[in-house]
Amino acid sequence: MSRSTYDISVFSPEGRLYQVEYSFKTLTTEALTNVGLVGKDCAVVVAQKKVPDKLLKVDSVSHVFLVTKEIGINVCGRVPDGAAILDDARQHAGEFHEKYGYQCDVTWLARRLGENAQHYTQHAGYRPLGNISILFAMEKDDMGVSHPKIYTVDPAGVAIGYYATATGQKDNEVKQVLEKAYKKDMTLEETIMCGIQSLQKSLGANENSLTAADLQISIVTADNPKCRFVDATTVEEYITKIVERD
């Protein structure tokens, strides 16, 4: 039997779900790479950004969005699927707040999105979502101490936490760089610069080829848990510091 004869919920004789495997291949269709990492008291996402048309406004192209004021999400893969995941995330967060009277934490939301994604892999008539997301936020423990958290949710429904990770076309190359460069106790500035530099090295970019227009950086910190974006001027300053340091 050919691979095309196997339904989304039917295993092949080798015990594989081909449609789920195919969904992972869609994650590189946009030729973009994203980096997520946590520092001592911050979580940072450095997302690559490409403007496909010169007539488009640069600030209208985004791959990082707010789920709540304090939870951010980076989506990578098929754009419509990313929009669906974002809508689901906002709906789950809103329903949680309405039911319990306080905001959900990023760990709960990541697991909930993972459950949703997994359902798409086992029902006939559905297909897996061709998108992988990075969720990031500050999260308080039982003692009320805030800790930075980053999770990925993939098309198979696996939600897993990381100190540092990458998604997209050059994810493996970025992870190899991070294994050597990442440190758990980095400051906010060091964390941002580590993310930018790992992206530069994985893309084979020289020191002048990656500019602020190519990046979208979002952060959360212990002293200000609201998810916010780093402006282009500040991003350019970080890139300059990297060049001068190297």
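In this predicted model, N74 of strand β4 finds its bridge partner on β5 in I134. Strands β4 and β5 run antiparallel and are joined by seven bridges. N74 also serves as the bridge partner of V64, a contact that belongs to the antiparallel pairing of β3 (residues 64-66) with β4 over three bridges. The connection from β3 to β4 is a hairpin through four residues. Strand β4, which spans residues 71-77, is mostly covered, with seven of its seven residues buried.

N74 and I134 turn up again in the surroundings of T167, a good place to continue the tour. T167 lies in strand β8 and is buried, its relative accessible area being 1%. Apart from neighbours within four places in sequence, the contacts of T167 are L32, T33, N34, N74, C76, I132 and I134. With a relative accessible area of 1%, T167 falls well within the buried class because that class takes in everything under 20%.

Strand β8 is itself part of an open sheet of five strands, arranged in the order β8-β1-β2-β9-β10 with antiparallel pairing. The edges of this sheet are β8 and β10 (228-229), each of which pairs on one side only. Five bridges hold β1 and β8 together in the antiparallel sense, and among the residues involved, L37 has A164 of β8 as its bridge partner. Helix α4 packs on the sheet, where it touches β1 and β8, and its direction makes about 165 degrees with that of β8.

Turning to the interior, the largest nonpolar core holds 37 residues, of which V46, F136, I192, I196, L215 and I217 touch the most other members. Two or more residues each come from β1 (33-38), β2 (42-48), β5 (131-140), β8 (164-168), α4 (171-181), α5 (188-203), β9 (215-221) and α6 (232-245). Strand β2 gives the largest share, six residues. L215 offers a handy view of this packing: beyond residues up to four places away in sequence, L215 touches V46, A47, K49, I196, L199, L210, V235 and I239. A second core, separate from this one, has 19 residues, including V67, L109, L135 and Y151.

Aromatic rings add another layer to the picture, with six aromatic pairs found in a search of the whole structure. One of them is the stacked pair of Y18 and Y22, whose ring centres are 6.4 Å apart and whose planes differ by 20 degrees. These two tyrosines are separated by about one helical turn, because they stand four residues apart in helix α1 (residues 18-25). Their surroundings can be told apart by accessibility: Y18 counts as buried at 8%, whereas Y22 counts as partly exposed at 29%. Another pair, Y120 with Y126, is tilted, at 5.3 Å centre to centre and 40 degrees between the planes. Y120 is partly exposed, with a relative accessible area of 27%, and Y126 is partly exposed too, at 45%. In addition, F96, Y100, Y102 and W108 form one aromatic cluster.

Charged side chains complete the description, and five salt bridges are found across the whole structure. In one of these, R127 meets D81 with the closest N and O atoms 2.9 Å apart. The two residues link distant parts of the chain, 46 residues apart: R127 sits in the loop between α3 (106-119) and β5, and D81 sits in helix α2 (residues 79-100). R127 counts as partly exposed at 42% relative accessibility, while its partner D81 counts as buried at 5%. R78 joins D81 and R127 in a network of salt bridges.

A further salt bridge brings together the side chains of E115 and R112, at 3.5 Å from N to O. Because E115 and R112 are three residues apart in helix α3, about one helical turn separates them. Both ends count as partly exposed, E115 at 42% and R112 at 26%. The side chains of E189 and K241 also meet in a salt bridge, at 3.1 Å from N to O. This pair connects helix α5, which holds E189, to helix α6, which holds K241, across 52 residues of the chain. E189 is partly exposed at 34% relative accessibility, as is K241 at 37%.

Notes:
Residues are numbered from 1 along each chain as its sequence is written. This is a predicted model: local features need pLDDT of at least 70, side-chain atom pairs count only at pLDDT 80 or more; totals for chains, interfaces and linings use all residues. Side-chain values use heavy atoms; hydrogens and water are left out. A nonpolar core is a set of buried Ala, Val, Leu, Ile, Met, Phe, Trp, Tyr and Cys residues joined through side-chain atoms within 4.5 Å. Buried means under 20% relative accessible area, exposed over 50%, partly exposed in between (1.4 Å probe, protein chains only). Contact means heavy atoms within 4.5 Å. Rings of Phe, Tyr and Trp (its six-membered ring) pair if their centres lie within 6.5 Å; planes under 30 degrees apart count as stacked, over 60 as edge-to-face and the rest as tilted. Two strands pair if DSSP finds at least two bridges between them. Axes are lines fitted to C-alpha atoms, for helices over the stretch in contact, and angles run from 0 to 180 degrees between N-to-C directions. A salt bridge is a side-chain nitrogen of Lys or Arg within 4 Å of a carboxyl oxygen of Asp or Glu.
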